[in-house]
Amino acid sequence: MLRIYDTRTRQVEEIASGRVLRMYTCGPTVYRHAHVGNLRSYLLADLIRRVLERRRTRVLVCRNVTDVGHLVDDAEAGEDKVLMQARAEGRSVWELARFYEDAFNQDAAALNLRPPEHTPRASESIDLMVELIAKLIEQGHAYATPDGSVFFDVRTFPTYGEISGNRLDALKPGPVDPRKRFHADWALWKAAQGELSWDTPWGRGFPGWHVECSAMSLRFLGERIDVHTGGIDLRFPHHEDERAQSDAAVGHEVVRHWVHGEHLLFDGRKMAKSTGNVVLLSDVAEAGLDPLAVRLAFLEHRYRHQMNLNWDTLHAADRTVRRWRGRVAEWSESPSAPMAAEYVRRAEAAFYDDLDTPAALRVLRELERDDSIAPGAKFESFLHLDHLLALDLSAEIGRPRVLPAGAAELLEQRARARESHDWPASDRLRDDLAALGVRVSDTPDGQSWAV
């Protein structure tokens with residue numbers, strides 16, 4: 001069974017699942033394109049799902065769409081990100097939200113992320129949030145203010161801080177808000193007028209970001225959720241607040257395991273517009289690379305380790321994806337043979353061990369190089385493991401082999417070098433061809449190649 005690191009308990013735990021496992025993952029805020037750093041956390045949920053499904057567990061996934069309530073500074077004051085960007089782009093709020101929601105779904109499909117069963121939009125779940133807030137007020141966990149806002153009373157939830165390690169008595173007050181009973185309380189509902197606002201028993205306004213996930217997860221997955229995933233940046237305050245709201249409302253621990261993916265850097269820096277290093281999946285495709293090279297590059301690092309991505313890494317991953325597809329197509333022409341059982345066992349064991357994807361990839365590279373394993377067995381093994389890798393390794397089967405630009409000339413030069421016994425030139429040209437993704441083998445009948 002899958003063992004994975006639980007942020008709240010701070011240890012690797014076994015994901016005990018019956019016939020169905022319920023998983024919630026915090027979805028995109030749809031006011032701009034998701035960059036590759038954002039996309040890394042969604043791969044985490046996809047890997048968990050694929051590994052559990054290999055063990056014949058049905059995984060029921062809910063991933064929300066935040067199209068209201070996420071403020072620019074993630075604090076109690078500020079402007080909604082969707083509203084601000086809509087004004088900047090000269091679109092209506094809903095045109096903008098649907099455009100970036102569609103763009104996110106296209107990126108997710110390009111990365112072979114399996115679609116979730118539920119994708120509720122925050123703007124279409126306002127009734128759920130109002131119902132939850134009313135329940136929290138009735139239970140004494142929340143209070144309304146004269147201006148029509150509602151705050152969660154954090155001192156009514158004694159275990160606040162278990163996910164992040166923060167203690168209430170150590171949290172430093174921000175700007176003083178006279179409406180709050182305690183400085184660490186947060187808004188469940190914010191009084192406001194305008195395009196993104198709704199009428200409630202307390203007054204017109206819009207929901208707080210944190211209450212959205214509580215309301216939608218409880219509605220679509222119920223009061224017992226097995227796994228909740230997200231990026232490490234959501235650990236505090238978002239997930240800490242979400243846990244408090246959900247648990248306070250139902251009276252018990254709702255989420256069994258909290259799992260977070262680490263940050264992704266690009267060229268050693270946090271990806272941000274201000275540093276000019278934001279990379280989108282469309283940028284990768286425009287550079288001539290397969291989008292699944294991004295998926296492979298992510299797999300080269302464990303989900304809970306910080307990763308530094310760069311263009312050299314992406315080009316190397318692209319070459320590996322293309323080489324493996326070429327090898328699988330080549331092996332498909334050999335007689336079928338049973339899978340290389342020990343290699344497959346080791347690779348799957350790495351996935352089950354806290355998603356140790358780098359170890360799994362090392363096993364595949366060993367298998368690729370092992371000349372004692374029949375090509376048919378390699379074919380079966382790689383395709384079997386591609387259910388977890390999701391790199392479309394069967395994509396080249398049956399397709400005509402096409403050399404990359406410039407490779408034909410290099411092959412001719414290498415053939416002439418071998419005829420004249422110029423072995424240094426032959427080796428150099430082999431390396432040049434490998435850099436283009438062309439693998440050269442020497443046989444008694446001359447050189448052969450594969451891509």
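Here are a few exercises with worked solutions on this predicted model.

**Exercise 1. Get an overview of the protein: how many helices and strands are there, and what share of the residues is buried?**

Step 1. Begin with the secondary structure, which comes to 14 helices and 15 strands.
Step 2. Turn to burial: of the 451 residues in the protein, 53% are buried.
Step 3. Look at the outside, where the protein exposes about 20300 Å², with carbon and sulfur atoms supplying 49% of that area.
Step 4. Finish with the extent: along the principal axes, the C-alpha atoms fill a box of roughly 90 × 50 × 35 Å.

**Exercise 2. Work out which strands stand at the edges of the open four-stranded sheet, and why one side of each has no neighbour.**

Step 1. Read the strand order, which is 4-3-9-10, with parallel pairing.
Step 2. Go to the two ends of that order: strand 4 (58-63) and strand 10 (255-261) are the edge strands.
Step 3. Each of these has a single partner strand, so one of its sides is left without a neighbour in the sheet.
Step 4. You can also follow the twist, which averages 25° from one strand to the next.

**Exercise 3. Find how many bridges join strand 9 to strand 10, and which helix packs on the sheet.**

Step 1. Recall that strands of a sheet pair through backbone hydrogen bonds, either parallel or antiparallel.
Step 2. Strand 9 (residues 225-231) runs parallel to strand 10, and six bridges join them.
Step 3. For a landmark in this pair, find Ile225, which stands opposite Val255 in strand 10.
Step 4. Now add helix 1 (residues 36-54), which packs on the sheet and touches strand 3 (20-25), strand 4, strand 9 and strand 10.
Step 5. The direction of helix 1 makes about 150° with that of strand 9.

**Exercise 4. Decide how many disulfides the structure holds, and check Cys26 and Cys62.**

Step 1. Take the cut-off: a disulfide needs two cysteine sulfur atoms within 2.5 Å.
Step 2. For Cys26, the nearest cysteine sulfur is that of Cys213, 3.8 Å away, and Cys26 is in no disulfide.
Step 3. For Cys62, the nearest cysteine sulfur is again that of Cys213, at 8.6 Å, and Cys62 is in no disulfide either.
Step 4. The total for the structure is zero disulfides.
Step 5. As for their surroundings, Cys26 counts as buried at 6% relative accessibility, and Cys62 counts as buried at 0%.

**Exercise 5. Place Ala434: which helix holds it, and is it buried or partly exposed?**

Step 1. Ala434 lies in helix 14 (residues 423-435).
Step 2. With a relative accessible area of 44%, Ala434 is partly exposed.
Step 3. Arg323 is 111 residues apart from Ala434 along the chain, yet their C-alpha atoms are separated by 9.3 Å.

Technical notes. Residues are numbered from 1 along each chain as its sequence is written. This is a predicted model: local features need pLDDT of at least 70, side-chain atom pairs count only at pLDDT 80 or more; totals for chains, interfaces and linings use all residues. Side-chain values use heavy atoms; hydrogens and water are left out. Two strands pair if DSSP finds at least two bridges between them. Axes are lines fitted to C-alpha atoms, for helices over the stretch in contact, and angles run from 0 to 180 degrees between N-to-C directions. Contact means heavy atoms within 4.5 Å. Buried means under 20% relative accessible area, exposed over 50%, partly exposed in between (1.4 Å probe, protein chains only). Accessible areas come from the Shrake-Rupley method with a 1.4 Å probe; for residues, only the protein chains shown count as cover.
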